[in-house]
Amino acid sequence: MLLHLIRHPLPVIDKGLCYGSSDLAVTEEECRSVLENVSPALPPYVPLYSSPLQRCVFLAEPLAAALNAGPVRYDPRLMEMHFGSWEQRAWDDLPREEIDQWASDVVGYRPGGGENVLNVAQRIDSFCGDLLQRGHGQAIIVCHAGTIRLLQARAQNLPVLQMAMHAATNTQAIAFGEVLTLQL
């Protein structure tokens, strides 16, 4: 199955804040710009899946209409990692001790008491299993950088724990509105 992954547009939030699964808006201009850039690179009539967070929804809805993809299929398993009490706090203000604990266990530590990377990897693995059972030849997915890294790891047929480790240590920058295509 061919997956076309799109990172959501730039959200409306101050730079330097941790925002994981916070439900942030995007500007109409930003969304329009991303839509104009990605639409020509994507196939029409292909099912479109999306994280239910509004920074994805604001792109997914007009994109599905532009591509005649039918209704958007929202799946909470595609959401970004929940950072618990770290959500919408400045990275520079987070306790150094907690950052160090996360750095020493990037897969298992729960930043801010939220999810850990392994939890998110399990969600993505479950989503991929269900997606493959649907038998689509292709799918378009509007989601988040962390989700994309995990989907890339899943495409390498890594077990869940290795998926989490690969995604947690992957430093590849993924731009807002970037399209990545991979074989699942």
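**Cysteines, sheet and pocket in a predicted model**

With a relative accessibility of 9%, C31 counts as buried, because anything under 20% falls in that class. This value, like the rest of what follows, comes from a predicted model. C31 is in no disulfide, and the cysteine sulfur nearest to it, that of C56, lies 10 Å away. C56 is buried too, with a relative accessible area of 0%. For C56, the nearest cysteine sulfur belongs to C143, at 6.6 Å, and C56 is in no disulfide either. A disulfide calls for two cysteine sulfur atoms within 2.5 Å, so the 10 Å between the sulfurs of C31 and C56 does not qualify. The 6.6 Å between the sulfurs of C56 and C143 does not qualify either. In fact, a search of the whole structure turns up zero disulfides.

Now for the sheet. In general, the strands of a sheet pair through backbone hydrogen bonds, and they can do so in a parallel or an antiparallel way. Here, five strands make an open sheet, and reading across it gives the order β3-β2-β4-β1-β5, with mixed pairing. At the edges sit β3 (73-74) and β5 (179-183), each of which pairs on one side only.

Starting from the β5 edge, β5 and β1 (residues 2-7) run antiparallel and share five bridges. One of the residues to look for here is L5, whose bridge partner in β5 is L180. Strand β1 also pairs with β4, this time in parallel, through six bridges. Across that pairing, H4 has I140 of β4 as its bridge partner. Strand β4 in turn runs parallel to β2 (residues 48-50), with three bridges joining the two. There, S50 is matched with V142 in β4. As for β4 itself (residues 138-143), this strand is mostly covered, with five of its six residues buried.

The last feature is the largest pocket, which has a volume of about 660 Å³. Its lining is made up of 26 residues, and those closest to the pocket centre are E80, F83, W102, G146 and R149. Four helices each give two or more residues to this lining: α3 (96-104), α4 (117-134), α5 (145-155) and α6 (160-169). Helix α5 provides the largest share, with four residues. What kinds of residues line the pocket? The lining splits into 16 nonpolar, six polar and four charged residues.

Conventions. Residues numbered from 1 in each chain as written. Predicted model: local features only at pLDDT ≥ 70, side-chain atom pairs only at ≥ 80, totals over all residues. Heavy atoms only, no water. Pairing = 2+ DSSP bridges. Buried < 20%, exposed > 50% of the residue type's maximum accessible area, 1.4 Å probe, protein only. 1 Å grid on protein atoms, 1.4 Å probe; cavity = no way out; pocket = protein on both sides within 12 Å on 5 of 7 lines; lining within 4 Å. Points joined across faces, edges and corners; volume = space filled by probe spheres on them. Nonpolar A, V, L, I, M, F, W, Y, C, P; charged D, E, K, R; others polar.
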